[in-house]
Structures are given as structure tokens and as C-alpha cells.
Amino acid sequence: MSAVATPVSPMLVRLAAEKATGALLRDHGTLYLVDGRVVHAESPAAPGVDVLLTTGGRLPRENWDEAVDRAGAHRAVGRFLVDSGRLQDGELEICHLGAVFDAAFFALSPTSGPTRFRYGVGHWFGTVRPVSAEAVERETVRRRELLDAVWPYPAVDTAPVVPRPAAPGQTTGARQRALLAAADGERTPAELARLLGRPAFHTLLDVRRLAAAGLVETPLTPDPDPVPSAPALLPVLPVPDPDIALLRRLRDALEAHL
């Protein structure tokens, strides 16, 4: 995977190389593979394709439930939605790809927990359009970089969204206005995404943009606990005051080369 210098998930890289089929389970979500390609993804942090379709207003909930009841056991829910005329091929593909990249972003987030793979496990939604593991990794890295470029304070991603008053003349777009209207100071970005039927990553991006504009509070990062000092084995000698002028010259020289 030359496009990603350091793999987000070395196990995903290996599974893609061996063309494995099954479920890659991580702390924050699951990726489903067929012949080494990603065909589905889900995460507790991201709305599923059902929410994007029904809450988003494209599909009545009863139509979704019917598709699951009639085609879920055959792993063909997506195919049923198209064959029954509920959705067009193109719109299903776009919605499903959006849900896959959205959930994969969270599923592939850094974790200290175990990563497991269950061979042969499939998802009841079925295959719509397989995506290469390389594309999933590349998009995950791009999204991480984009969030940090907008507002490098990840605490806003999980904290309740607390709106702040706009400055005189400050405006927002319709999507951001709807997000601010739903933000009650208690809902997190993930909860707002589900409420509004939007992808979680795009909600995070809007929240970071609003925080950068001063329209959403950025939680303070708590100071780390002080590290206790080791007992002195030798008498502690007084430290002379630093040469303030020398430090300033050093700072100026460093800044001149930035």
C-alpha cells in the first residue's frame, strides 16, 4: 500500500493481501471483507445505512423493515431495495459507500484493544460495491488530517455540543444552522448525527468548523497530573536564574527558521 506510508491497520493490509473473507473486529467497529475487499462497515459511533436512508427522508421506515425481514437471512437487503423499486442502483450505491467510509473511519481509529478476524462471517445487508482496503485506509487518513487542519482539538468530537452566540454579522450555512438548532448542550456529535440522519464524520467536520469559528465551545483539556519527584539523594543546589536575554535570542533565532 504505497499510498499510505504507515498502515492504519496492519491486519487489514494482511487480510487484503491474502484475499480473506470475514469480519475484522476492532474496539470501535467492524469491517466486513469479501476476497480481501471491504463490502460493509459499522460502528457504534456512526449512523448505519438504515438511519441515513430513513431519518434522512429517502426511505420510509416500514420499507426498510420489510427489506430486512424478507432479505436479511439471504444477505441481500440492498439488492431487495433495488429489485423492489424502493431505491435506484445509483442512490443505494452512493448511500452505502458513504456509510462504509463513515463507519470505517471510526472502526479504524487508534485503539489499544485487541483486533480479531472471524473468517467466513458475512453481513446481512449484502454486497453493493466492494472497496479496496487501500482506498479505505487512504480515506481514513485523509479524514483525520482534514479534521486536524480545521480545528486540532479532538475533544469536541465526543463532548456535548454547546453553542455560543454568534458575533455581529457572523453567518452560517443551512446545514450548520440545523446542527446548531439541534444542539441542546447535552447531545454529542454522534447523537446529533443520528438525530439528523447525517454521516457522523461530516457532523464532526461541521462541529470542528463551528468551534473554529467560535460558535461552539471547545472543551478545555485537563492538565496532566504532576509527576511526583523522586527523593533527592544528594543535596539540592540552588539553580541560578536563566539568562533571559539569551533565551529570547534563541527563541528569535528558532522562529526565524520556521
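Here are three short exercises, with worked solutions, on a predicted model.

**Exercise 1.** In what order do the five strands of the open sheet lie, and which are the edge strands?

*Solution.* Start with the order: it reads E4-E1-E2-E3-E5, with antiparallel pairing. Next, look for strands that pair on one side only: these are E4 (116-119) and E5 (131-132), the edge strands. Now add the helix that packs on the sheet: H5 (residues 89-107) touches E1, E2, E3 (37-42) and E5. The direction of H5 makes about 75 degrees with that of E3.

**Exercise 2.** How many bridges join strand E1 to strand E2, and which residue of E2 is the bridge partner of Ala23?

*Solution.* Find E1 at residues 22-26 and E2 at residues 29-34; five bridges join these antiparallel strands. Then go to Ala23: its bridge partner in E2 is Tyr32.

**Exercise 3.** Why is the pair of Trp64 and Trp124 edge-to-face? Is each of the two residues buried or partly exposed?

*Solution.* First, the ring centres are 6.2 Å apart, which lies within the 6.5 Å limit for a pair. Second, the planes stand at 70 degrees, and angles over 60 count as edge-to-face, so this pair is edge-to-face. Third, place the partners: Trp64 sits in helix H3 (residues 61-71) and Trp124 in the loop between E4 and E5, 60 residues apart. Last, check accessibility. Trp64 has 3%, under the 20% cut-off, so Trp64 is buried. Trp124 has 38%, between 20% and 50%, so Trp124 is partly exposed. To round this off, ring pairs link Trp64, Trp124 and Phe125 into a cluster.

Conventions:
Residues numbered from 1 in each chain as written. Predicted model: local features only at pLDDT ≥ 70, side-chain atom pairs only at ≥ 80, totals over all residues. Heavy atoms only, no water. Pairing = 2+ DSSP bridges. Helix = DSSP H or I, 4+ residues; strand = E, 2+ residues; numbered from the N terminus. Contact = heavy atoms within 4.5 Å. Axes fitted to C-alpha atoms, helices over the stretch in contact; angles between N-to-C directions. Phe/Tyr/Trp six-rings, centres within 6.5 Å; stacked < 30°, edge-to-face > 60°. Buried < 20%, exposed > 50% of the residue type's maximum accessible area, 1.4 Å probe, protein only.
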